[in-house]
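Work through the exercises below with the sequence and the model at hand. Each task is followed by a solution in steps.

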Amino acid sequence: MPETDLKQQLVERFREVNGDHPMTDADDVYVSAQFVVLEELCAVHGRDVDAVRRLMLGQRLPLPGYLRSDGAEMVPADLFALADGAGGVDLLEAWFTAHWADPITGKAEWNAYLNGQYVCLHSVTPATIQRKDYLTAAIGAAANEPDAGSAGWSTRLHALVDELDTLEPAFTAYDRLPCVPRNSGVLESLPG
């Protein structure tokens, strides 16, 4: 299958998952600073871009996180790191899902990973996904703690927010669009 056909299929799959939301100039600048073009990453790592697109379409590697307005497929710089760490693409799903005690949760996280929806993390690993989930839950529950509003509570809350901030890049306006299942929005919903 020619490269253009695979690229078009990947674009169609991306839009099926994320909707068709045009990127603004500011979104393009943000994405170009945070992610790399798939073709460039493949060239650096000696990988065939068509083979990588097939793996993405076959739900064995994650979809691009973004499609820049010029059509470039934007992926994280460490796109291949998890598969390499798991012993290869064939072992990736089992390795990834084994990080959750509940197989249903593991499968749901795997599907989110494959859909390229973890653009909200600098590095997408089971450990960072789990830590983000823990931190967002703790931050969300903080208002209900018995000592809410106290100096100790404030210190704990700030530490949680600061740690979450180290895991997440800044968001772009694109990530805040309706129907783009991207980020938790916890930090944005906190007062001041």
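A crossing of two helices is called left-handed if the near helix is turned anticlockwise from the far one by less than a right angle, and right-handed if clockwise. The model used here is predicted.

**Exercise 1. Overall layout**

Task: State how many helices and strands the protein has, and give their pattern along the sequence.

Solution:
- Step 1. The protein has 10 helices and 3 strands.
- Step 2. Read along the sequence, these elements follow the pattern α-α-β-α-α-β-β-α-α-α-α-α-α.
- Step 3. Of the 192 residues, 43% count as buried.
- Step 4. The accessible surface comes to about 9,700 Å², and carbon and sulfur atoms hold 56% of that area.
- Step 5. For contacts between residues at least 6 apart in sequence, 68% join residues at least 24 apart.

**Exercise 2. The sheet**

Task: Give the order of the strands in the sheet, and explain why S1 and S2 stand at the edges.

Solution:
- Step 1. The 3 strands form an open sheet in the order S1-S3-S2, with antiparallel pairing.
- Step 2. S1 (36–37) and S2 (66–67) each have a single partner strand, so one side of each has no neighbour in the sheet.
- Step 3. S2 pairs with S3 (residues 73–75) in the antiparallel sense over 2 bridges. Within S3, Met74 is the residue opposite Tyr66.
- Step 4. As a general rule, strands of a sheet pair through backbone hydrogen bonds, either parallel or antiparallel.

**Exercise 3. Two helix crossings**

Task: Describe how H3 crosses H4 and how H8 crosses H9, with the handedness of H3 and H4 and of H8 and H9.

Solution:
- Step 1. H3 (residues 38–45) and H4 (residues 49–57) have axes that come within 9 Å and cross at roughly 115 degrees. This crossing of H3 and H4 is right-handed.
- Step 2. On the H3 side the contact is made by Leu38, Glu39 and Cys42, and on the H4 side by Val49, Val52, Arg53 and Met56.
- Step 3. The axes of H8 (residues 126–141) and H9 (residues 151–167) come within 10 Å and cross at roughly 145 degrees. Here the crossing of H8 and H9 is left-handed.
- Step 4. Residues of H8 that meet H9 include Thr128, Arg131, Tyr134, Leu135 and Ile139. Their counterparts in H9 include Leu157, Leu160, Val161 and Leu164.

**Exercise 4. Cysteines**

Task: Are Cys42 and Cys120 buried or exposed, and how many disulfides does the structure hold?

Solution:
- Step 1. The cut-off for buried is under 20% relative accessible area.
- Step 2. Cys42 has a relative accessible area of 1%, so Cys42 is buried.
- Step 3. Cys120 also has 1%, so Cys120 is buried.
- Step 4. The structure holds 0 disulfides.

**Exercise 5. Asp5 and Gln59**

Task: Place Asp5 and Gln59 in the structure, and state what stands out in the phi of Gln59.

Solution:
- Step 1. Asp5 lies in H1 (residues 3–18). At 38% relative accessibility, Asp5 is partly exposed.
- Step 2. Asp5 and Asp50 are 45 residues apart in sequence, and their C-alpha atoms are 9.7 Å apart in space.
- Step 3. Gln59 is in the loop between H4 and S2. Its relative accessible area is 43%, so Gln59 is partly exposed.
- Step 4. Most residues other than glycine have a negative phi. The phi of Gln59 is near 60 degrees, a positive value in a residue other than glycine.

Technical notes:
Residues numbered from 1 in each chain as written. Predicted model: local features only at pLDDT ≥ 70, side-chain atom pairs only at ≥ 80, totals over all residues. Heavy atoms only, no water. Disulfide = S-S within 2.5 Å. Buried < 20%, exposed > 50% of the residue type's maximum accessible area, 1.4 Å probe, protein only. Pairing = 2+ DSSP bridges. Helix = DSSP H or I, 4+ residues; strand = E, 2+ residues; numbered from the N terminus. Contact = heavy atoms within 4.5 Å. Areas by Shrake-Rupley, 256 points an atom, 1.4 Å probe, with all protein chains shown as cover. Axes fitted to C-alpha atoms, helices over the stretch in contact; angles between N-to-C directions.
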